[in-house]
Structures are given as C-alpha cells and as structure tokens.
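This briefing covers one protein chain. It takes up the annotated regions, the overall fold, the main pocket and one helix pair.

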Amino acid sequence: MSPRAGLSQDAVVDLALAVIDEDGMAGLTLAKVADRAGVAPPSLYKHVDGLPALKRLAHIRVLNEMNEVLRTAVLGRSGGEGVSALLDAYRGYLRRYPHRTPALEIPMDVTDGDVVKALQSTAETAFAALREYGFDSDQTVHATRVLRAAAHGFAGLEAAGGFGLPQQLDASFEVLKSMLIHGLSAYARE
C-alpha cells in the first residue's frame, strides 16, 4: 500500500507542529497526527519512525524556524541594535508559538548532524549580533548563552502566564533588553 497522496515526512511534521501548537508538546501523539492526516496511526510509519523520531523532526524544524526568524531580524545589525532585534525576534516567535517553548529546551544531541547544523546556524546568528562588542570566542559563547537564557526565560514565563503583577510586560521586556545591552557593554570592557 502506498503512502496517502500529499502525505510526506514534511507534511507529517507540519501536522505534528499543529498538534503541539494546540495541545503542547506533551499532547503530541501519533494518533492525533494521524487523525489530522486522515489516516490510521500505522500509516505514519511510512514517513516517520515512531513518536521519538517525530519529536526529533519537530525539534529540528522549530530550531530551523527560530533561526530563520533570528537571522532575518539580525541581518545587517550588530551591537545593541542587533541584540535588541535578536531578543525581540526570539520573544516574538515564542509569543506566536508558545507551546513550542519546550521544543527549544530538549537536551541538544551533539551527535545528531541535523541538530548540530541547526544549532551552529543559530549560534552564528547570535555571534553576528555580538560582533560589535569585540568579544573573544569564549566571551561570545558566554554572552550568547546569557541572551538565550534571558529571552527564553522571559518568553517561557510569559507563555505560561508566569507574570502576575499588573505592570506591562512589554515595558518589562524593554528593561530586560536595556539591562542586557548595558551589561554586554560592561562585559566587553572587562
């Protein structure tokens, strides 16, 4: 029996992301994806090797999508302007797709070539935003980790409804960006 017309590995990942966007990462099942595809769950095995493989593919897709969003935002920008654009883009992606936050928290398998490629592309985008600061390679890695932790933490808390005080979240995010940009300048002088 041949695969359903129009169903491909990419289409199955698209459907998986739709499930994640609706039900969260924990809600992703082959049965839900198959239901959206209009096929029986065993039919998905023609395109993916089970749920762990589908989660891996979804993870890689999210990494690549995030990188494209970041790369587009940072293109031609560096220093404070680049960092601000990078942080806004990161938050913007997770505001658009809040249930994808855990896909960016999965431990990175550095033996998986596709994961490594996606991570390298994202790191290069962050490094480009930081170039103006003149960091050495170790400082650049540390600064990149801080930016990721700050943006991901803020966006993750925002998506989970973790900010209960009445102050505007956009204003808080602007404070976060300002503090990070000033901190990066200080770090560059150390």
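UniProt lists residues 29–48 as "DNA-binding region", in an unreviewed entry. In this predicted model, that span is 40% helix and 0% strand. Its end C-alpha atoms lie 13 Å apart.

**Annotated domain**

- The "domain: HTH tetR-type" annotation, also from an unreviewed UniProt entry, is listed for residues 6–66.
- Over residues 6–66, helix accounts for 64% of the chain and strand for 0%.
- The C-alpha atoms at the two ends of residues 6–66 are 26 Å apart.

**Overall fold**

- The secondary structure of the protein chain consists of 7 helices and 0 strands.
- Read from the N terminus, the order of elements is α-α-α-α-α-α-α.
- Along the principal axes, the C-alpha atoms of the chain fill a box of roughly 65 × 40 × 25 Å.

**Largest pocket**

- The volume of the largest pocket is about 490 Å³.
- Its lining is made up of 21 residues.
- Nearest the centre of the largest pocket lie L119, T122, A123, T144 and R148.
- Two or more lining residues come from each of α3 (51–74), α4 (79–96), α5 (113–130) and α6.
- By class, the lining of the largest pocket has 15 nonpolar, 4 polar and 2 charged residues.

**Packing of α6 and α7**

- Helix α6 spans residues 137–159 and helix α7 spans residues 169–189; the two pack with their axes 12 Å apart.
- The angle between α6 and α7 is about 170 degrees, and because angles over 145 degrees count as roughly antiparallel, α6 is roughly antiparallel to α7.
- On the α6 side, the contact is made by Q139, H142, A143, V146, L147, A150, F154 and E158.
- On the α7 side, the contributing residues are L169, S172, F173, L176, L180, L184 and Y187.
- The contact of α6 with α7 divides into 11 nonpolar, 3 polar and 1 charged residues.
- Helix α6 takes part in both settings described here: it packs with α7, and it gives two or more residues to the lining of the largest pocket.

Terms used
Residues are numbered from 1 along each chain as its sequence is written. This is a predicted model: local features need pLDDT of at least 70, side-chain atom pairs count only at pLDDT 80 or more; totals for chains, interfaces and linings use all residues. Side-chain values use heavy atoms; hydrogens and water are left out. Axes are lines fitted to C-alpha atoms, for helices over the stretch in contact, and angles run from 0 to 180 degrees between N-to-C directions. Helices (H or I, at least four residues) and strands (E, at least two) are DSSP runs, numbered from the N terminus. Angles under 35 degrees count as roughly parallel, over 145 as roughly antiparallel, 65 to 115 as roughly perpendicular and the rest as oblique. Contact means heavy atoms within 4.5 Å. Ala, Val, Leu, Ile, Met, Phe, Trp, Tyr, Cys and Pro count as nonpolar, Asp, Glu, Lys and Arg as charged, and the others, Gly among them, as polar. UniProt positions are given in the numbering used here, feature names are shortened, and annotations may be inferred rather than shown by experiment. On a 1 Å grid over the protein atoms alone, a cavity is a set of points where a 1.4 Å probe fits but cannot get out, and a pocket is an open set with protein on both sides within 12 Å along at least five of seven lines; lining residues have an atom within 4 Å of a point. Grid points are joined across faces, edges and corners, and a volume is the space filled by probe spheres set on the points.
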